Structures are given as structure tokens and as C-alpha cells.
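Dear colleague,

Please find below the structure that I promised to hand over. My findings follow directly after it.

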Amino acid sequence: MAATMEAASTKSHVGKKGKPPKRYWDNPTEDSENSHVNKKNRQDGESDSNQGNITAVSPNKELVTEKQNKNRQSKTNHISGSKDPFPGEAPIPQERLKKFQRGEKSQVTSGLRSKLKEAIKRSEAESELAQKQAARFDLLLPEDAGFLEGDEDEDTCTISQDDIADAVDITSGAKYFNLHLSQFGPYRLDYSKAGRHLILGGKRGHVTCIEWQSKQLVSEINVMETVNDVKWLHNEDMFAVAQKKWLHIYDSKGVELHCIRKFNDVLSMEFLPYHFLLATASATGFLQYLDVSVGKEVVCINAKLGRLGVMTQNPQNAIIHMGHPNGIVSLWSPNQKEPLVKMLCHQGGVRSVAVDKTGTYMVTSGLDKKLKVYDIRAFKPLQSYFLPAGAACLSLSQRGLLAAATGDIVQVYRDVLGTPVTKPYMAHRVRGGITGLSYCPHEDVLGVGHSDGFTSMIVPGAGEPNFDAMDVNPVGSLKQRREWEVKALLEKIQPELICLDPSQLGRVDHASWEQRHEERVKILGYDPLAQEKFKPRMRKKGRSSSGAVEKRKKKVAHEDQREVIRKTVEENLGKQKELKKEKATLAAQGQRSALDRFKK
Amino acid sequence: MVKDKKKSVKFDLPSKTTTSRTMDEELESDEDFLPDNENIISASEDEDASGDERKHTKLLEAISSLGGKRRKKLAERSEASLQVSEFAVNAEGAGEKVVLSDLLSSATEASRTDGSLTKTQKQLKNLEKRHATLELPLSHQQTEKIQREAAFQKASKEVSRWESTIILQQRAEQLVFPLNQQPNRPRRMEQVVTSWKTQTPLEQEVFAVLHAHRQPTLDPVLTPVEEAQLQAMSLEEAQLRRAELQKARALQSYYESKAKRERKIKSKKYHKVQQKAKRKAFLKQFEEMCKSDPERAMEELQKMEKNRIEERMSLKHQNSGKWAKSKAIMAKYDLGARQDMQEQLELNRQLTHKPLPSAELHGDSDHDDDNNDPTLTNDDQTLPDIANDASANQKEGANPWMKMTAVMPTAMEAEPKSIVVTTDSEPTEVAASGGGGGDAETEEERLLGEFARRRQLRKTNEEEEEEADEEARQKDESSQAAGGPSISFTIAETSEEEEEEDQMDEAAASELNALFGRLAKQGQQDAAPLATVGVASMDTLLDEDTTRVRTLEEAELLTETHSDTAPMVESEAAAASGHGNKHAPKVKRRQKIIDLEQVLTKQAKSIRVPMTAPAVEDAEDEALDEQTDVIREAFAGDDVVLDFLKEKRKQEEASKPKDVDLTLPGWGQWGGLGVPVKKHKRRRFLKKAPPSVPRKDRKLPAVIISEKRDSSVATHQVSQLPFPFENPAQFERSIRSPLGSTWNPELAVRKLTAPRIVTKAGAIIQPLSKDDVMSSKKTPGKRGAPDLLLGNVEQGKAGHRPTAKRKKHKK
């Protein structure tokens, strides 16, 4: 750092002050060239100094700093005499830094304790380091999503899927395909988290598991029962099927693993991947949570809002959103028996709900043929659209493309969340009424389940091109997937931590002691601080007759209360006495006898 | 301890002298000493009847004493032992005081002749004459207490040497044990290849050149900056420096108090005398200065010129004040008053007198001017040219109207470098001011002068910064500068004596004006070489400023001149924020979008769908549409909105805290069916609920937000603020950024979760020894001579940036 600073500062003073002593490794012509570079780097130099502050300090600090300085020196000065034209670390653009900024910085003001100052400084330095590192490594996410662009006077929504498939490369073109499965009626679908596997569930009992990119059939079964919904669990090995009566869990080979009879009449399901929770909504009006890591039901909530068919999750805070026939959308967490929030969104029933990846926007569609966009941080409506046919299914892609199914037409909207749109980005007609709609994660593909099977259509710009291989790895090997499973289980988030605002966990609880005690009593089932009830000792020789016992009890009864009363009485007496005294003195002052004037 | 000894010595002698009076009486009783002893023994015999053995011995003694020998052999005193017979020790005269004569009686005849005895006798006599009582020696407890205190101080001093180390350890983010591990990383080229020597003639030549210029031949192990840092931070030097500063501060305060005292003196005569002396000294010094330091003399002249201008501006000495008017009335009758007025006018004349150079000098200078610069002859000749030269250097203060139209080019050149020049000439300037200020230049003044010089240097640096700064910054700085204490010696002096000295100074100025002429020519001659010297000195400064920065103070100075890099950064940031403003309108629009009033009444936009009305509709599709229509019809009657609002109201009611009615029926009145509770009674026993907390959804008509507290999350929340934090906001901010690898790159995670203490498996961790701590602090100073001298002033500053920042912050 020292070296960079030196370089930066000397140049700016050439006009006013003396030059630094000439060094043989200095190149006189460089000065003018480097001045602008140095200016640019000055900020970095400073930031580096901060970075230097938080490095490990051994007891003898001087030595360490010396070492650091030495290292830096060795970076800049070379025996060859050549000079690094870009000294110091590469600058990070401000916008990128801003992207990784977490919360407000705390300022060190003058009036603070030294220890507090130290703590604040340290935490600031740490968070700055984290921010900077993240910004620096943002470089490693090079993939960028592009969108479909039509010629002049050409609507992108008029471009057919076939045209797109022809235009793109073969592997991408192969992502547009249709599965004609007209026998087992309208299909529901779900992509696995990594996006490699697809599960299709026909209303009439057909369940199939496909590795859709290679179009390999993994398994295919018929459960001989109505299938309401299908869902992958945490990996591609297991999936849950909501059948007519109960909830079943199968493995990818189609072997039934569990039949969970506690979960009956399930209409729709959501899997919360970080909590290992399977949330189900039933026709009987119950919202249930199943912990799939231990196989236990976490909570069963009677929503008291009628048949629950419309359900989605908020990926940001794992809150379940449910749509109801009376136009209400309710938000649920497993920790409360009543909805956290109820929003009146539509005049008619709610047909579908979708929440975007950041947890900022919610899109709803209702029987009133309206499509509404809400800001669910403030619970305020942002946009309202009228769709002539109404939208039966909604789905939001990772990059915010909205897919809406109106009858047998799939419409894809771009930028629907922030700015008002007048026409769709893409549209595609399938061969039957649409019942399932889902984007494939990390792919520009939208899966459509309809009465005539399944259609996979290409939607350019839908998926997030950069994946976090530590989180989900679409190209992970078997070993990696296994390892991931173990890690994910270790990092499993407990259901108690689900709340509307996850940042609440980082805040100080302001509740009073009484309130907390009350809650504790509720959790424990008893009051740990309560006094024990008096139990009279058993005495022999007839002295433990019920009458005697009662007498003894009476002696002790209200002991503590008596104490309190005694004290208060004493206090009151004292007060009265004081009052009397005061009165007496006042009286004495006021009523002076005639002889008082002779007193001295 | 030495003190105590002295006391005791002092004490012993007089005690003997005081008791010497009783000596004669005691001598008489000396004869019956032995019989008494016998008596005592016999007496004790009677008392101790129990011990047989003892009795026996005593009896034997008594018998032996009865025998022929009169004198009893005194019991022998042996070495100190545990068992000493209480009878062997003679307690005779225990309570009595020792008499001097007893001691002297042993003196032999021989010694008496020597004269040494007479000497002691004399001493004794002297001592006898002194009657002053002496303090008692300190009691045992007190001496012990003092000893304890001293011991404690010593110990605490010893212990406090560890304090900084301990604090450092406590604050350290990571401690690595065992200490002083050698780094295991690969070493650098220069460290490895030590045996390399110059071989070819070219190399030799190059290195010879380098050596001649004292440049580092290898890549320096330590940069000059680091060296400066290390040098500056050497413990002993820092302590020395601190002590020096302390001394300076103390002296300053003494001086200030002295000056204060002197200023408070009301005697007019005293001040008159003093001022006269001062004036004389000043005149003398000025004349000297004209020869030795013409530049400085010029400044003085400038000052006087300013005085003249001020005098011309003011109504002082014009006999127009209150005092003058009263005097004018008196003047008719009072000669003294008239004289006073005359004096005033005379003073005014003197002060406003513009000095005219003498004729021949004038001619000379004119001639010179003609040679140098013909334009100068056109200018106002009344003012000496030298004054005009200087005015180019000092932009402020001088009358701009009196400036020459054409400024000498050399002066113009010198102008931007003026700061360097001034800093160079400051030591002499201070010395001169010291000489002018005080009659005799004491050491303290010199010290203070030095102090002032540093301050000034710093100030100039700040001014530089200001030039570079943007406006807001500039304001700040200037306010700081104004607020900061300006205790420079010269300034303080002028300010304190300004009022009284005013007149005298002015008088001196009028006298000095006469000197103008003489100076004029000399100055003219000196001006040119001076300019060249200035440039030359500049060059030398540039190349020769490789002196080591040794002290803290110097290092600070360095850093401060360097701190002007900050404003640049700031301006850049400001520019960035300017870019950021582009986003502002966007934000505004979003705020507009969220409108409370348009909750359900919001107008929906209809979307034009390209594929309207499919050509061939499936039967199933039709059925679906029909179904939706049916549903819509079914729900048409239901007023969803009204239901929702009702529910909301219900919830609001439920969440409101309720009043508690504590009335008991039948208490204080008749009870029973149909008997209403009295109003006043109900009022008395009704406990009103506290006002309800405003609901979160009070502004959202279409939303019901549950107000129930989520205790499951609360169990995981922090309920008590951890130690150093004073308010929740601080704590919350400190934990705002996550630590896990899910959110951070690997490197950051490793740093964020680094263990507090790192130990090496199997290595013995020795307790921290003195050598580890103390030696590491000394090493920088003792480090083997680096092969280059310390770099330029600027380089030192760069290294010291953080400290400079801190300093500023404190201001």
C-alpha cells in the first residue's frame, strides 16, 4: 500500500513541492503517462489500507506490518527497473460494489467507548472485505441472458417456437418438444431444483419421471388413482405425489416409499428446499407441513378459508401464499395458526399466485380475469392488467419473465413487474387447456402441462445463466450430488425460523421480560419460576385427619400475600403519620398565639 | 532512606547535649553503684522464693561477696544467645540519658594533647548553643508505609511496561502461537542471492555510480517510507520527543503566565520604560537586519507602511476624539493640555509621513533601474523600489493601488515557489523575531520559537491543501485553522502588547521611514541574487532532501503535507454521487406507483393478445370457459369486499386492549337481579386500558396483517445487548453481513471465520517473555544500517497517513 500511495502522491505535488529524490529505477517519462492511472488507483490504495487493518495481528505488531510492507514492496519494485503500470489491486466499479452492499454502514462517532469503536471498526472492515471480495468475484459470473429480438415492425410474440428452434443451435432447438399424452388427461409438472429432471403427473394416474434434456425416461407408473399434484423433494431421487386419498412418496424408479395417511385430500404442494419441508394444501382446508428429513409432520393448520387449491411459496422467506375462492390471498408460516397477512386481491376467486425469486413481487390472477402485481414488502398493488381470457396458471422465471396460461395459450410477459406492458413478449398455443406451468431453473425453457400432454417451449432470457454450484449443480456428478445432500442436511434451516421478514432474526428483541416469560411458560408447559404449593406433612396418631390438615393449610395460606399486605399497610401508616406531622406544623405556623410575638 | 539517616544523626547529638546538665549530679551517685547492686539482688532473693536453683546460686554469690573482696565481678557478657539470663544484663541507668562527659571521660591524656579533643569540645559547645528542637523520627508504621509505597511504585512501573503489550494482545484479531515463528514462504531473490557480485566492468561502473550517489544497490529491504515509520516509532526517541514537547509546553505556559502578569501591570512609567527599551532594541536590530537579512527588513518596512496606511485611514491622533475635545477646552488655560494636543498632531504627522529617499540615493537607484528595467522609471518614485519588489511576494496586506503595474519577472517566477522559500528562511526569521521581541534571548524563547515554526510549517501545508480542495472542504479547513490555538511566539507577543505599543511602534516607524532611503539601493542589489538563491535552494532541496526523519513530530509534519490526497478522492466520490443522481428520478417514480388510494379501484389495463379467439376451440376448452362463467355468476351476489372489511374491523376490535371492570355486585349497595350498579362505583372500578399500538395495516384497507407476536422467532433473537454496544442499531449493523460460504466467497469466509487463537500442534508455547516484547520495540532503531538514507519528505508522509488522519479527526 505504501508504495502505491507514494507513487500516487508524488505526482500530484510536482508543481508545488519538491520532487522526491531521484531513484535509478524511476523512469522520468512515465510520470505524465501514469498520472491518470494513479489517480484512478488512489481509491484502491486507500481501500487496501483498510484491508490491511483487519489482517491477523500477532502480539508484536510491528513485525507483522513490516512483513506486509515488505511483501507490497516486492510487488512493486523489480530489480529489472521496470515498473508496474497498474500498481495495487484492480479497481472495483462502484455499481458492482453497491450490488453487494448489505445494509447501512455504521459510523464511528467521537463519543463512543474505545472498545465499542474497536468492535464497530472491526465489523465494518469485515463487511467491507466481504463486499469487496464478492464484487471482485462477480467477474466469475460471465454469462448474460439475452432476449428475443424481432425484426423491425415484428412483434416478438408472433415468432413461433418452430422458428426459434430452427434458428438456434441443435441442442437448444431440441429443448422445444411436445409429448402427446392424451390418454391420462391434464398434466401437472415439476422440474427438479437442478433442472435436469422433470416429473409429470396426469390427472388420471399417470406419473412419469423424465431426464428431459436427454429425453430419457427414468420411470413411468400409473398410480391407479387421481393425481392432484406432483413435486420433487430435495433431490432427483424422491418425489411426492398427491393422490386422491393420501400423499405418497416414490423414488425415481417409481417404487412407493411412503404413504402418508396424515395428509389426505391434498390438492397442491410446495417444497421448501432449505427447510426440507413439504407444504401441502388439502381440499378439507388444512395446510400441513411435512419435514422430509425426519418424516414428521411439523404442523397442521386449519386455514378456515375453504378449499385450498392455489398455492405457491415465496422463495425468499419460505412463506406459503395461498389463494382462496373469496379473492383473498393469505400468507402462512408454520409458526402461526392464523394467516400472517390476508390480502384482498380479486373480486372473484383467486386462480393462481406466483412470487418472484427476490420475494419482492407477487402476481395473482383471478376469476375477474385480472392479473395483478403486488409489492409484498409493502402489500401494495403495483400493476393491474385485464386479460380477456383470464389466467389459469402463472409462473415467474428466475429472471422475472411471467408466464400466464389463458385457455390453451401460453403468454410470456417481460418486465411485467415494474413497468406496465401492453403486449406479451411471447405467445404459444398448445393443444389443450393448460393445467400446469413451470419454468425450468437455469434454462430458457418453460414447461407446459396440458390436457394433451406436455410441451417444452423455449423462452429466451428466462433462466438465470449463472448457477451457484455449491447450491445447485445441474452438471454435478453423482458424488457431488451425494455430498451436496449431506451438506444441505447439515445446513437445514429449522421451521421455527420461518418468518415474514427474515432480517428480523438479525434484530434485537424488544419484548419485555414478562412477555418473554409468558412465552417461555407456554413453550415449557409450566412456570419454572412459580412457587411450590404447600403440602402438609403426613403426621401420625390421628393428627393428619382431614380437618387438621386443612387447619395447617390455612395457617400457611396466603403467607406471601400477607407479607405484601403488611408492607403496604406499614407504608400507608408511615405516610399518614408524615401527613399528620406536616399538617401539625402548618397549623402551628398558621395559628400563632398572642404570646408568640414575645418569643425569640 | 538517606533522609532518615540524616535525621537520626542530627537527633542523637543534641540529645546528649541537653542531658549534659545533669551530669554532675549523676557522678556523685556513681560511688554507691555497687552496694545498690547488692541490695537489688537481695531484694530479688526475697521475691523469687520458688526457684531453688536460682536461690542456690544467689546464695553462693552472696556468700562470696561477703568474703574479702569488696568488688563484685561483673557478670560477663557473652555472645548473643537465645538464653540470656535476665540477671546478667545490667539495667542500671536504662531510663537515664547518656551524658557527653561520659563519652569524653574515656579520652586519654595523649589525645588531649593532640588537639582533636579540643576540636570536639568546640563542636560540642557549638551544639550546646543550638536550642532548636528537632523532629521526632518517623514511627515504625509510617516508615513502613513509605517503604511500601515506594515498593508499590516500583512494582507498578515494572508491570506497566507490559500494558501496551497486553492491550495489543487483547485487541488483536488473531494470536498466533508460538511467537516468533519463521514464515515458511519462499524467500525473495535478493535474500537468496547474496553472493552475487559485480563482475563485468559495466556493472562495476554502474554500481560505482550508484554508490557515489548513495543509492541502494539492491532492491532495498526496507523502503524509505518504512524506514521512516520505524525510525519515527522507536520507543526511546518517542519518549525523548515527548519529554521535549512536554518541556516546551511547560515553558510556554510559564511564558504565557509571565506575559499575562506583565500586561496586568498598571504602572505607566513601567510600560513607557519598557517600550522605549524595546524600540531601541528594535531599531538597532533593524539596522543590523538591513545588512544581514534584507528580505526580513523589507517585511518590517512593509509592516510600517501598513501602519502608515492605517494611520491615514483612522482618526487617531487627529484631535477629534473625546479626549481631544476636552483638551481643546482646557487648552486656553492649560499649557500642558496644549502641548499634549500638539504632540498628538506631531505624532500624526510623523506617522503619515511618506519617506522620501535622499537625493543622491534616489539618483543612484534611478540609475540602476534604468539599467535593469526602463519601465520602472515611469512608476511612482516616492516609494522605494525594494518595497515594490516585496509586494509581489506578499499579495495580501499591501495596498493593491500602490502596486507597480509591471511586476518583475523574477518575482513572478518566485511566486509559486514562495512557500518553499519561506519554509527555508523560517529558522532565521524566528531567531530575528526572538531578538526583536525580548531583550535577552532566553532558551525558553528559543524553544518556543521552534515550536511556533513547526506550527507555521504545518499551517502552510494546510493552506496548500485548501487550494486544492473543493469549496465545502475549504470552509471546514479554514474554520479549523481559525479554531486551532495559535500560540506561535511572535504572534502572541504582538497581540498582547499591541494596544500599549501602538503609539510607540508608530513612533519607531516614523523614525524608520528615514532608513528607507538608505535601504533602497541595498535592497535593489540584493533582490536579484536572492531570487536566484531561492531557485538554487529549491534545486538543492529537491535533490538533497534525503535526511532521515527521526522524530515523531517530523513524521507527523510529513504526513500532514501529504494528506491532501484525500480531497481528490472525495471529489471523485462526489462525481460518482453525481452519476448516482441519474437513478433518483427512477426511485421517485416507483414511489409514485405505490398509491394508497388505488387499492381496489385501480384501473386495469387491458392487454392486447395476439392469438385471440382460437379458430377451432376444443370442446373441453369451451367447457372450461363456461365453468368460469358459472362461477362468476355464483359469486356475483357475494360482496367480497364488504366481507373483508367486516373481518378487518373485527380483527381490529379484537386486537384493541380492553377496559377491565372490577365492580363487584352487592358491595357497597344492594345487589340482586335488576339492581343496576351505580355509575360512580362503576367509574371508580373501571380500569382503562392503555392506548392501543397503531396497527401495521392501518393505511392498507385491503390488507389484514396479523399483530400476533411470533415467539418462535423471538427465541432465536438476541434479547440482551452484548457488551460493547450501546444501542440496538449498532449491534444490528455489526451483524448485518452474513459469514457463511453461501453468501461470501471462500477467501472472505476464511477471513471472517478465522479463529481467535492459532496454535501449532506439538509446539511448546512459552509464556511471553520480556525479550519478546521489549526487543521488538527497540529493533527498529537498532536495525542494521540500511543502504540508503531516508527518502524525501513526501515519502515519509505516505507511510504515515493513518496517524495524520487520526490527528485531524481529533481536531
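**Findings: strand β12 and its surroundings**

In this predicted model, 6 bridges connect strand β12 of chain A to strand β13 (residues 296–302) of chain A, and the two run antiparallel. Leu287(A) has Ile301(A) in β13(A) as its bridge partner. β12(A) and β13(A) form a hairpin with 4 residues between them, and Gly295(A) in that turn has a positive phi of about 70°.

β12(A) also pairs with strand β11 (residues 277–282) of chain A, in the antiparallel sense and over 5 bridges. Here Gln288(A) in β12(A) is the bridge partner of Thr280(A). This pair forms a hairpin as well, with 3 residues between β11(A) and β12(A); Gly285(A) in the turn has a positive phi of about 95°.

Is β12(A) mostly covered or mostly open? The strand, which spans residues 286–291, is mostly covered, as 5 of its 6 residues are buried.

In soluble globular proteins, nonpolar side chains tend to be buried together. The largest nonpolar core of this model has 35 residues, and Tyr289(A), Ile320(A), Met322(A), Trp332(A) and Met362(A) have the most contacts inside it. A second, separate core has 23 residues, among them Ile159(A) and Ile434(A).

For the wider picture, chain A has 11 helices and 28 strands. Of its 600 residues, 48% are buried. The chain exposes about 31100 Å², and carbon and sulfur atoms supply 52% of that area. Among contacts between residues at least 6 apart in sequence, 47% join residues at least 24 apart.

Yours sincerely

Note on methods:
Residues numbered from 1 in each chain as written. Chains lettered and ligands numbered in written order. Predicted model: local features only at pLDDT ≥ 70, side-chain atom pairs only at ≥ 80, totals over all residues. Heavy atoms only, no water. Buried < 20%, exposed > 50% of the residue type's maximum accessible area, 1.4 Å probe, protein only. Pairing = 2+ DSSP bridges. Core = buried A, V, L, I, M, F, W, Y, C linked by side-chain atoms within 4.5 Å. Contact = heavy atoms within 4.5 Å. Areas by Shrake-Rupley, 256 points an atom, 1.4 Å probe, with all protein chains shown as cover.
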